[in-house]
Amino acid sequence: MFSHDPKHAAPPVEGHGSLLVLALLALVVGAAAGLVGAIFRLTLEQADRLRDALIAWAQGEKIAGFLLVVATCAAAALIAAWLVRRFSPQASGSGIPYVEAVLNEEIPQAPFHLIWVKFCGGVLAIGSGLALGREGPSVQMGASAAHFVGKVFRREWPDCRALLAAGAGAGLATAFNAPMAGAVFVLEELVRRFELRIAVAALGASATGIAVARMFLGDAPDFHVDALAYASAEATPLFFVLGAVAGLAAIAYNRALLKTLAAAERLGRLSVELRAGLIGAAVGTLAWFAPSVVGGGDPITQRSLVGAETLPVLPLVFLLRFGLGTVSYAAGTPGGLFAPMLTLGAQLGLFLGLLCRLAFPGLDIQAEGFAVVGMAAFFTGVVRAPLTGIVLVTEMTDNVTMLLPMLVACFAAMLVPTLLRDAPIYDSSLRERESARTSSGTSK
């Protein structure tokens, strides 16, 4: 999983500041990332409430209300795209591929004003109903805060790199109230190798990030899951099937996302703002008829985890969210992919769990357990980061009884796309696309 390439080995402590200094600065970075991330989450929650209240009121106004909702969503998405193009092209999209490229020294770190562009643009975009996640902005804002701390204390690049990775991990930890997942994400996905200095910085930053964030957000896990029994040995093969199906669905999602981005770029006659406005208008139209389907997706995930969705409805909502996620990302506004992926995984898992319950009534299957496992499996299939997926879902649901089924499902979800030669979504294709778009925007 992690490499030990000598070319990228950790530099000697001498000449780059002591490990103690790095650890202390990592605590500062984590606190900053936790503060920004917590305020971002609270602001997003308020934006979601305002959107829901607007739709509820507008539905009593008939045609005028419908036009108001569509216009509001379109305007919010348009303004978010304008902020990105005008002030910080690096703030477009998730931000995770951009952070990876910076850590690999492929592109320079963005200016510090990216933080407010990412913050405001993310609130407008996700608040308008686009199916985007809060974790992408939180990761990139955490990395930018870390870069600022490194520059203020005049650290050299090896220390700045470690702090930047740690700040990104603290941002993820804050976004999902998952401190261990933040540290694992740094090593497994961002740097893809074990480096002692980065590991120490990531653990420290995630710890202080969560400590600060919980002062504002509380310490409850993001999702409530009823008590789940340990899966029986007879049911284990079913989780392998779930992982394989999640892997195939992940391939479809990755390809659909890239094709949607390519199609959006071919609409060169339309400005970025107009394209985002049209997508926002489409999302506003969907929100008018089905307000519970739009947005980041946490309420949908929660309903799936408690088994509140019915078998006939699940495929329809899954397909709606599948398409909405790819189209929303093509808007070019700030917003991540993790939260929408977790929603799709929970729905897919619940659907297969309900089918297995009907097909094998003697196994006493808990469909909600399949929903938990589906989150980790679909995440693994898309990102190809199984450890991050397992730890993230375990922390978000506060559930450990599904660890073995998650391991089985993530094995299959990792194996199927790899055998079919499907690249991880944050690998070269998406990273090169976002880097090229950033470079183009900067040159203007």
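Here are some exercises on this predicted model, each with a worked solution.

Local features need pLDDT of at least 70 and side-chain atom pairs count only at pLDDT 80 or more, while totals for chains, interfaces and linings use all residues. Residues are numbered from 1 along each chain as its sequence is written, and side-chain values use heavy atoms, with hydrogens and water left out.

**Exercise 1. Two helices side by side**

Task: Describe how helix H2 packs with helix H4.

Solution:
- Step 1: Find the helices. H2 covers residues 62-87 and H4 covers residues 114-127. Helices are DSSP runs (H or I, at least four residues), as strands are (E, at least two), and they are numbered from the N terminus.
- Step 2: Choose what to report. Two packed helices are described by the angle between their axes and the distance between the axes.
- Step 3: Read both values. The angle is about 160 degrees, and the axes are 8 Å apart. Axes are lines fitted to C-alpha atoms, for helices over the stretch in contact, and angles run from 0 to 180 degrees between N-to-C directions.
- Step 4: Put the angle in words. H2 and H4 are therefore roughly antiparallel to each other (under 35 degrees counts as roughly parallel, over 145 as roughly antiparallel, 65 to 115 as roughly perpendicular and the rest as oblique).
- Step 5: Give the hand. H2 and H4 cross in a left-handed way (left-handed if the near helix is turned anticlockwise from the far one by less than a right angle, right-handed if clockwise).
- Step 6: Look at who touches whom. Residues of H2, including Ala 76, Ile 79 and Phe 87, meet residues of H4, among them Trp 116, Cys 120 and Leu 124 (contact means heavy atoms within 4.5 Å).
- Step 7: Sort the contact by class. The contact of H2 with H4 has eleven nonpolar residues, one polar and no charged (Ala, Val, Leu, Ile, Met, Phe, Trp, Tyr, Cys and Pro count as nonpolar, Asp, Glu, Lys and Arg as charged, and the others, Gly among them, as polar).

**Exercise 2. The partners of H8**

Task: Describe the crossings of helix H8 with H1 and with H6.

Solution:
- Step 1: Start with H1 (residues 19-58) and H8 (residues 196-217). Their axes come within 6 Å and cross at roughly 35 degrees, and the crossing is right-handed.
- Step 2: List some of the contact. H1 brings residues including Ala 31, Gly 34 and Leu 35, and H8 brings residues including Gly 209 and Val 212. By class, there are 16 nonpolar, five polar and two charged residues.
- Step 3: Turn to H6. The axes of H6 and H8 come within 8 Å and cross at roughly 35 degrees, again with a right-handed crossing.
- Step 4: List part of this contact. Asp 159, Arg 161 and Ala 162 are among the residues of H6, and Arg 197 and Ile 198 are among those of H8. The classes here are twelve nonpolar, four polar and three charged.
- Step 5: Zoom in on Val 212, found in H8. Val 212 is buried, at 18% relative accessible area (buried means under 20%, exposed over 50%, partly exposed in between, with a 1.4 Å probe and protein chains only). Leaving aside neighbours within four places in sequence, Val 212 touches Ala 31, Gly 34 and Leu 35.

**Exercise 3. Aromatic rings**

Task: Work out what kind of pair Tyr 253 and Phe 378 make.

Solution:
- Step 1: Recall the rule. Rings of Phe, Tyr and Trp (its six-membered ring) pair if their centres lie within 6.5 Å; planes under 30 degrees apart count as stacked, over 60 as edge-to-face and the rest as tilted. The structure holds 14 aromatic pairs.
- Step 2: Apply the rule. The ring centres of Tyr 253 and Phe 378 are 5.8 Å apart and the planes are at 65 degrees, so the pair is edge-to-face.
- Step 3: Place the pair. Tyr 253 is in helix H9 (residues 236-266) and Phe 378 in helix H14 (residues 367-383), so distant parts of the chain, 125 residues apart, are linked.
- Step 4: Check accessibility. Tyr 253 is buried at 0%, and Phe 378 is buried at 0% too.

**Exercise 4. Positive phi in two loops**

Task: Are Asn 177 and Arg 421 buried or exposed?

Solution:
- Step 1: Take Asn 177, in the loop between H6 (157-176) and H7 (179-190). Its phi is positive, about 50 degrees, although Asn 177 is not a glycine. With a relative accessible area of 9%, Asn 177 is buried.
- Step 2: Take Arg 421, in the loop between H16 (403-419) and H17 (428-443). Its phi is positive as well, near 60 degrees. With a relative accessible area of 78%, Arg 421 is exposed.
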